[in-house]
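Reader: Hi! Could you walk me through the pockets in this one?
Author: Happy to, here it is.

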Amino acid sequence: MPVFRKTAETFTAGDRTLAQRYLVSQEIFANERDRIFSVQWLCVGHQSQIAKPGDYLVQEVAGESLIILRDSRGEVRVFYNVCRHRGTRLCEEKSGQLRQTIQCPYHAWTYGLDGKLVGAPHMEKVGGFDKAEHSLHSVRLALWEGFVFVNLAEDATPLETAFAPLTGKFTHWNLPKLRSARRMEYDVRANWKLIFENYSECYHCPLVHPALSKLTPYDSAENDLCDGPFLGGFMPITRGNSLTMSGNACALPVGDIKAEDHHRVFYYSIFPNLLLSLHPDYVMVHQIWPQSAERVTIFCDWLFHPAAFGRPDFHPDDAIEFWDLTNRQDWHVCELSQRGIASRAYQPGPYSPRESIPAAWDREYLRALGELGS
């Protein structure tokens, strides 16, 4: 079981917020798609969302539609949502259940759940046609702590190498076995980077989150990951047993939680599209999907121990309502920030000592964009 060790903060008195162009420019947004979202490992869901053979999700990644599915042998696979005949989109729904095949709705080319072409009407009359040469195009994927990650790059660094600093860090939260009780989708009129910066500090909490501030002091963060693509730490829960509307635990513990961690909530950002909030009785997950320079879609899932479902002491709405309220408060101030940043009066402002993690996140973003030395 990992031991929490606080590392030195990397706050520098000269740290300032990002220049306006990074938050409003469509040209920068296009560069982000090419330099970040087309080459980094991105979370597209949790394995519990495709629990049975034939279960599938569809997710857009860097302008590409992908099918994430579990095949007939129980293996997770990811394919481009593109028929090999004339390029037709195969799956139209965001999620569902496939029987044993994927069939193109245009000319009925049919693929097994392993991506192999199994049926192509009248193509037997085409000389030299070989079904084996027309399988669906697959996408590089990897599983990490139960989450499904994809990478569109042909020469991607293996995920186990990229995520080596996190090895064993979250084991006692039992993440691979958890199940989602609810998903909410938010459409936020703000740049995606503002979501990460907001998540990474509680300087704003006394004014924006009065309910949250009653349960966990805004100035109590202890960060152990302070630089690079993985950032965060914990905050103590000083009133009640959990971050819920009632202040009480709403479910069984998610895993083998250490005694001191029963009164802590851990917040980590995983660059560039995942936020993990780890509580004793549930885990909240945000997926961040930029839509334009000034709009982002956010998927929020609440994960619980599978044994918690159906018990009389299982009250997931107690946590979901608490964080839906908190989320909406955050999205509102992010939208206000976006509006102000678009003004000709905007200039980068100085970060406070309570904002060392947002400043570190900005540095990682600029490195990934190729505008800051490694």
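Reader: Great, how much space lies in the largest pocket?
Author: About 650 Å³. A pocket here is an open set of points on a 1 Å grid over the protein atoms alone, where a 1.4 Å probe fits, with protein on both sides within 12 Å along at least five of seven lines; lining residues have an atom within 4 Å of a point. Volume is the space filled by probe spheres set on the points, which are joined across faces, edges and corners.

Reader: Is this a model, and what filters apply?
Author: The model is predicted: local features need pLDDT of at least 70 and side-chain atom pairs 80 or more, while totals for chains, interfaces and linings use all residues. Numbering runs from 1 along each chain as its sequence is written, and side-chain values use heavy atoms, without hydrogens and water.

Reader: Back to that pocket: which lining residues are closest to its centre?
Author: Val58, Gln59, Glu60, Trp289 and Phe299, out of 29 that line the largest pocket. The largest share of that lining, five residues, comes from β2; strands are DSSP E runs of at least two residues and helices H or I runs of at least four, numbered from the N terminus.

Reader: And the second largest pocket, what volume does it have?
Author: About 550 Å³. Of its 38 lining residues, Tyr199, Ser200, Glu201, Cys202 and Met235 are the closest to the centre. β13 gives the most to this lining, with five residues.
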